[in-house]
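Student: I'm new to this structure and would like a close look at the ligand and what sits around it. Please walk me through it slowly.

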Amino acid sequence: MANPYDLAERASVELRAKSGVDSYDIVIVLGSGWREGASALGTPTSEISTSTLVGFVAPTVAGHSGQILTLDVGGRHVALVSGRVHLYEGNTASQVCHSVRTLIAAGATRVVLTNACGGIDPSKGPGTVVVIRDHINLTSTSPMEGFPPPESYGSRFVDLTDLYSARLRAVVHETAPELTEGVYAGFRGPHYETPAEINMARTMGASLVGMSTVLEAIAARHLGAEVLGLSLVSNFAAGVSPGPLNHLEVLEAGQNAAGSLGALLGRLVPVL
Ligand code: 8IG
């Protein structure tokens, strides 16, 4: 097993050489549903396949290689990561966090994690975007398990009291006052939850459930970045609405929301 911090450092050197951008400002990890809308941010100055960078594993979604798109948005150097990888694909926590660590090593100080998720709160139905206020990590793992971080990267331990940056959340609420906040429960998946598990998550204070984001958020905070989490509710979680979950509905919610997600990112990026 390679040291994940060294791997990210090496990948960042490769990325900067290929993109010609010496220091990034913002990285946006695109969850399902968010990729289509992201074209609203402008035309990329480079598109790099993650298969050409050290340490990246390929997403298992058929026909999609991972990509890092570089864009200039109002003078900010922005990286869009498409083709996120998950624990449920058989990856380690370090592999899941490699893109975030690589972009932070390449200078990014703000990390925007987007996802599609299930909604526990009946007032936040499919199509609603929610700002993540906090999370509950139910994956039973941590991206910081294993190798101790290099000394320059700070402690082996990290305080998560302000994991989802209060500053960035305030900026979002100023720019997009229609958005509410919620607590995201991160499960391993890939099965959806039982109604009893959704009851558990609700009782614990969660209003959103998903299979991504929590590990990347921890890894980013550990490396000193500010974290913003944006969830697109794509379905009601198990037991919240009477019927079963339908994967087609999930995909449809993403397609229907694409335009508004892109517009939202376009408003937010210049002020983050
Ligand atoms: I989209 O209902 C989407 N992702 N765990 N539960 C979990 N992940 C999800 C769900 C859901 N919907």
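Tutor: Let's begin with the side chain of Asn235: one of its N or O atoms is 2.6 Å from a nitrogen atom of the ligand. That's a polar contact, meaning a pair of N or O atoms within 3.5 Å. Bear in mind that this is a predicted model, where local features need pLDDT of at least 70, side-chain atom pairs need 80 or more, and totals for chains, interfaces and linings use all residues. Residues are numbered from 1 along each chain as its sequence is written, and side-chain values use heavy atoms, with hydrogens and water left out.

Glu193 joins in too, with a side-chain N or O atom 2.5 Å from a ligand nitrogen. Gly118 uses its backbone instead: a polar atom there is 3.3 Å from a nitrogen of the ligand. As for cover, the ligand taken alone exposes 330 Å², and the protein buries 95% of that (Shrake-Rupley areas, 1.4 Å probe).

Who else is around? The ligand's surroundings also include Ala116, Cys117, Tyr192, Val209, Gly210, Met211, Ser234, Leu245 and Val250, where being near takes a heavy atom within 4 Å.

For a bit of context, look at helix α1, residues 4-19 (helices are DSSP runs of H or I, at least four residues, numbered from the N terminus). At its N-terminal end, Asn3 acts as a cap, with a side-chain oxygen 2.8 Å from the backbone nitrogen of Tyr5. Just past α1, Gly20 has a positive phi of about 75 degrees.

Methods:
Helix = DSSP H or I, 4+ residues; strand = E, 2+ residues; numbered from the N terminus. Expected span 1.5 Å × (residues − 1). Polar contact = N/O pair within 3.5 Å; in protein donor to acceptor, adjacent residues only side chain to side chain.
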